[in-house]
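Dear colleague,

Please find below the structure that I am handing over to you. My findings follow directly after it.

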Amino acid sequence: MARMSGLQALVRRVARKWSGLKRKLFYPRDLHPGQITELLEHARQSGPSHLLHVIHLIETMHGHRRSAQAKQSIAADGAPLPWFTYPAIAYLNQIDLRDKTVFEFGAGQGSLYFARRAKHVVAVDNDSSWQKEIASQAPHNLQVMLRTEEKAHVQSLAETGQTWDIIVIDGRWRRRCADAALAALSHSGMIVLDNADWYPKTAQALRAADLLQIDFTGLGPVNYYQWTTSFFLRRAAQFNRLEPGHVIGGMNETRTDDSQH
Ligand SMILES: C[S@@+](CC[C@H](N)C(=O)[O-])C[C@H]1O[C@@H](n2cnc3c(N)ncnc32)[C@H](O)[C@@H]1O
């Protein structure tokens, strides 16, 4: 009986491993036959143009296809983008960052994006070849540090000896990075936690520090699944809006009845 349950436990462990691997390999990139039939039926009923337009919007206008092929978080024109969801990127795009300082746990295209838009950016990564890759493209206002060990990585923020307007948590050891971020965030700043849906305890710790959590869930560059990029604002957060910008795939018009009260 004991041997049976040992065997059962082993079978269960293998099944769990296989289902995790299967999810990684096939889901949600591959549609199952029922879903394909449903989409074809939708196309048959309403004509393929609506369906194709939705694909065009994501794959071409947002540049998703280009980013997936390059495995880099880039826009349709190849410009660097933070590896956040598209709604989170849209929110960032309408904030004036010119006088803002940004510290980023986890370097990447996001570091290059912030360097184009903000005053001063420091990013830290734990992977030496990736750190070199991003540092080789860094303009004068971006410094990319390498810290391979957990303790040094987390402490790199305090090492800067200053407070920051925006702190991005998008690398390894996120829960501990969140504690470091709370200690170094300016009184009017915000923390960005990417993949907040995967890190509920980290999000909880940031909320418990009286930051206001705003979630942006949706598709983003490279991946074929949706996720959540969360912004955690200080109650006294100060971020000025830019003029309303171009909405990707939007009507991009101002209604005439918008001019009077
Ligand atoms: C999730 S990425 C995000 C980086 C950055 N915050 C951004 O928005 O672009 C963070 C980690 O993924 C790894 N990484 C990201 N893109 C990569 C790529 N194209 N090739 C290899 N490693 C990559 C790096 O080691 C990095 O620490």
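I begin with T229, which is buried, as its relative accessible area is 0%. Please bear in mind throughout that this is a predicted model. T229 belongs to strand β7. Once neighbours within four places in sequence are set aside, the contacts of T229 are F84, T85, A88, V192, L193, D194, I214, D215 and F216. Its C-alpha atom also lies 8.1 Å from that of D197, although T229 and D197 are 32 residues apart in sequence.

As to the chain overall, there are 10 helices and seven strands. The C-alpha trace spans about 65 × 60 × 40 Å along its principal axes. Of the 261 residues, 39% count as buried. Among contacts with a separation of 6 or more, 54% are between residues 24 or more positions apart.

The nonpolar cores come next. The largest of them has 29 residues, and the members that touch the most others are F84, F114, I166, M190 and F231. At least two residues of this core come from each of α5 (86–93), α6 (109–117), β2 (120–125), β3 (142–146), β4 (164–169), β5 (185–194) and β7 (227–233). F84 may serve as an example: apart from neighbours within four places in sequence, this residue contacts I89, L92, F114, V168, D170, V192, D194, G220, P221, W227 and T229. There is also a second, separate core of 24 residues, with V154, I167, L193 and A203 among them.

Turning to the aromatic residues, a search of the whole structure gives eight aromatic pairs. One of these pairs joins F103 and F105 in an edge-to-face arrangement, with 5.0 Å between the centres and 70 degrees between the planes. F103 counts as buried because its relative accessibility is 0%. F105 is likewise buried, with a relative accessible area of 0%. A further edge-to-face pair is formed by F216 and F231, at 5.3 Å centre to centre and 80 degrees between the planes. This pair links distant parts of the chain, since F216 sits in strand β6 (residues 212–218) and F231 in strand β7, 15 residues apart. Both F216 and F231 are buried. Together with Y91, F216 and F231 make up one aromatic cluster. F231 is thus named twice in this account, as it is also listed among the residues that touch the most other members of the largest core.

Two points on the helices remain. In helix α9 (residues 174–184), the buried residues are R174, C177, A178, A180, A181 and A184. The elements covering these buried residues include β1 (101–105), α8 (150–159), β4, β5 and α10 (200–208).

The second point concerns helix α2 (residues 33–46) and helix α3 (residues 48–61), whose axes come within 6 Å and cross at roughly 125 degrees. The crossing angle therefore makes α2 oblique to α3. On the α2 side, the contact is made by L39, H42, A43 and S46, and on the α3 side by P48, H50 and L51. By type, the residues of this contact divide into four nonpolar, three polar and no charged.

With kind regards

Definitions and conventions:
Residues are numbered from 1 along each chain as its sequence is written. This is a predicted model: local features need pLDDT of at least 70, side-chain atom pairs count only at pLDDT 80 or more; totals for chains, interfaces and linings use all residues. Side-chain values use heavy atoms; hydrogens and water are left out. Axes are lines fitted to C-alpha atoms, for helices over the stretch in contact, and angles run from 0 to 180 degrees between N-to-C directions. Helices (H or I, at least four residues) and strands (E, at least two) are DSSP runs, numbered from the N terminus. Angles under 35 degrees count as roughly parallel, over 145 as roughly antiparallel, 65 to 115 as roughly perpendicular and the rest as oblique. Contact means heavy atoms within 4.5 Å. Ala, Val, Leu, Ile, Met, Phe, Trp, Tyr, Cys and Pro count as nonpolar, Asp, Glu, Lys and Arg as charged, and the others, Gly among them, as polar. A nonpolar core is a set of buried Ala, Val, Leu, Ile, Met, Phe, Trp, Tyr and Cys residues joined through side-chain atoms within 4.5 Å. Buried means under 20% relative accessible area, exposed over 50%, partly exposed in between (1.4 Å probe, protein chains only). Rings of Phe, Tyr and Trp (its six-membered ring) pair if their centres lie within 6.5 Å; planes under 30 degrees apart count as stacked, over 60 as edge-to-face and the rest as tilted.
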